[in-house]
Amino acid sequence: MKSQISNILTRYPLVSVILLILVGITIIPEIIGMLGISLGVTGGMIYRFVVGGAAVWLLVWLGWGVQAGVTNPFGNWHKWWPILSFPFLLLVFVNLMEVDFSALTVTPGRVAKLVLENLAVGVYEEALLRGLALYVLFRAWGQTRFGLYMAVIAQAVIFGLLHYYNLGTGASFGAVSVQVIFAILVGIGFGGLALLVRSIWPGVIIHGLIDAASSIEQTLGTDALTDVTASVDETAFSDALVGIVVLFFVCTVTGLLYARRARLHD
């Protein structure tokens, strides 16, 4: 069975990746909902850890764990990985600049909730997209620099388009479209980072920190902060455009530059 699954992923990389991501992000949650089961906040967090862990397990089971950057030993990471991670950390500081810290109610329980919820998102999305999806595409296309770029861009586009699933929550098409654009721009950045560093784990931590910084006010006491990706109905178009420009230069350009320096697949 292992060789059969490996062959399918190798022969039909794009279709296989799309199906696997759809199963983990949309199909299984829909089935759970149809069964009348409400995951809630805690259940959703556990589900994300489980699915992210399943993506890691699949890569390891197929013998791809090291190459995909999920079990690559720390000593094999790019020696400059902290510096390479720095541009993405700027997004954490940008989000924190908008926080009214005087309005926060800090308790151990709320801090634990903030950390675990956003770490779960980081594990879930990075393991699925920058671990499983990116490596399957990179393994199939990464013998050339153009193919490597396409792998990075394709996984980011899949990541972005999946945000249209949020239309089912009642969000407007415009609001979700902003999420889609932001996710694609950020996804290219994290894809390039994972390939150059040769590990998904810096991206997991940074992803979690970015989400935590953008949700800190909701979790720790107020609802004053409205993330620009949440609703263009409440955010000026110019603000959304500024966000797109910032993400393009901070994440997308950086990710493509990193992809240019990353190793090709043998």
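## A buried tyrosine pair

Y47 and Y124 are both buried in this predicted model. Their rings make an edge-to-face aromatic pair, with centres 6.4 Å apart and 65 degrees between the planes. That angle gets the edge-to-face label because the class takes planes over 60 degrees apart.

Y47 sits in helix α3 (residues 40–61) and Y124 in helix α5 (residues 108–141), so the pair ties together parts of the chain that are 77 residues apart in sequence.

## Other rings

If you like aromatics, there's plenty to look at: searching the whole structure turns up 11 aromatic pairs. W64, Y135 and F138 join up into one aromatic cluster.

There's a charge over a ring to check out as well. R130 puts its charged end over the ring of F159, at 4.6 Å from the ring centre.

## Helix α2: a buried serine and a partly exposed isoleucine

Helix α2 covers residues 13–34, and I27 is found there; S16 lies in helix α2 too. S16 comes out at 8% relative accessibility, so it counts as buried. Skip the neighbours within four places in sequence, and S16 is in contact with I8 and L9.

I27 has 40% relative accessibility, so it counts as partly exposed. The cut-offs behind those labels are under 20% for buried and over 50% for exposed, with partly exposed in between.

## A greasy patch

I27 is also one of the residues in a nonpolar surface patch of about 590 Å². The other contributors to this patch are V23, I28, I31, L35, I37 and L39.

Key:
Residues numbered from 1 in each chain as written. Predicted model: local features only at pLDDT ≥ 70, side-chain atom pairs only at ≥ 80, totals over all residues. Heavy atoms only, no water. Phe/Tyr/Trp six-rings, centres within 6.5 Å; stacked < 30°, edge-to-face > 60°. Helix = DSSP H or I, 4+ residues; strand = E, 2+ residues; numbered from the N terminus. Buried < 20%, exposed > 50% of the residue type's maximum accessible area, 1.4 Å probe, protein only. Lys NZ or Arg CZ within 6 Å of the ring centre and 35° of its normal. Patch = residues over 30% accessible without salt bridge, like charges linked within 9 Å, V, L, I, M, F, W, Y side chains within 5 Å. Areas by Shrake-Rupley, 256 points an atom, 1.4 Å probe, with all protein chains shown as cover. Salt bridge = Lys/Arg side-chain N within 4 Å of Asp/Glu carboxyl O. Contact = heavy atoms within 4.5 Å.
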